[in-house]
Amino acid sequence: MTTKPRIKMPDNAKAGEAVEIKTLVSHVMETGNRKDAAGKTIPRNIINSFTATLGGKEVFSAKLHSGTSSNPYLAFFVKAPAATTEMEFTWVDDAGITISDKQPLKVG
């Protein structure tokens, strides 16, 4: 499962401004409670953690649980730095698969 996450960031932020970051990643978020056509339990496989860093420093993290819907959407605010800085977003699922993306937070 490799997927390109969708990330919505402001086109241009002002230094010190609180800006909203929106993320969405495609993932089935299998709870481990369903059965397949043969009656076997489908193993749990959910995205269990999300981390966002700004210039290498963690600015937001979340632990996700089986009640989270498929294709989890997360939104949070971050204070814009003094200059354009790279943000990195990382999702990890129960199978150990990591999905990550990097985008600049443009400040001007």
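**Group meeting: a seven-strand chain**

Okay, so of the 108 residues in this protein chain, 33% count as buried, where buried means under 20% relative accessible area, exposed over 50%, and partly exposed in between, with a 1.4 Å probe and protein chains only. Before I go on, this is a predicted model, so local features need pLDDT of at least 70 and side-chain atom pairs count only at pLDDT 80 or more, while totals for chains, interfaces and linings use all residues. Residues are numbered from 1 along each chain as its sequence is written, and side-chain values use heavy atoms, with hydrogens and water left out.

Now the layout. We've got zero helices and seven strands; those are DSSP runs numbered from the N terminus, with helices being H or I of at least four residues and strands E of at least two. The C-alpha atoms fill a box of roughly 55 × 20 × 20 Å along the principal axes. Of the contacts with a separation of 6 or more, 58% are between residues 24 or more positions apart, contact being heavy atoms within 4.5 Å.

On to the core. The largest nonpolar core has 24 residues, and by nonpolar core I mean buried Ala, Val, Leu, Ile, Met, Phe, Trp, Tyr and Cys residues joined through side-chain atoms within 4.5 Å. Ile21, Met87, Phe89 and Trp91 have the most contacts inside this core. Strands E2 (18–24), E3 (47–54), E5 (73–79), E6 (85–93) and E7 (98–105) each supply at least two of its residues, and E3 gives the largest share, four residues. In soluble globular proteins, nonpolar side chains tend to be buried together.

Take Ile21: leaving aside neighbours within four places in sequence, its contacts include Ile7, Leu74, Phe76, Val78, Met87 and Phe89.

Next, E6. Which of its side chains point to the buried face? Thr85, Met87, Phe89, Trp91 and Asp93 do, whereas Glu86, Glu88, Thr90 and Val92 point to the other face and are not buried.

And the pairing, where two strands pair if DSSP finds at least two bridges between them. E3 and E6 run antiparallel, joined by seven bridges, with Ile47 partnering Asp93 of E6. E6 and E7 are antiparallel as well, joined by eight bridges, and Glu86 stands opposite Pro104 in E7. E6 and E7 also form a hairpin with four residues between them, and in the turn Gly96 has a positive phi of about 85 degrees.
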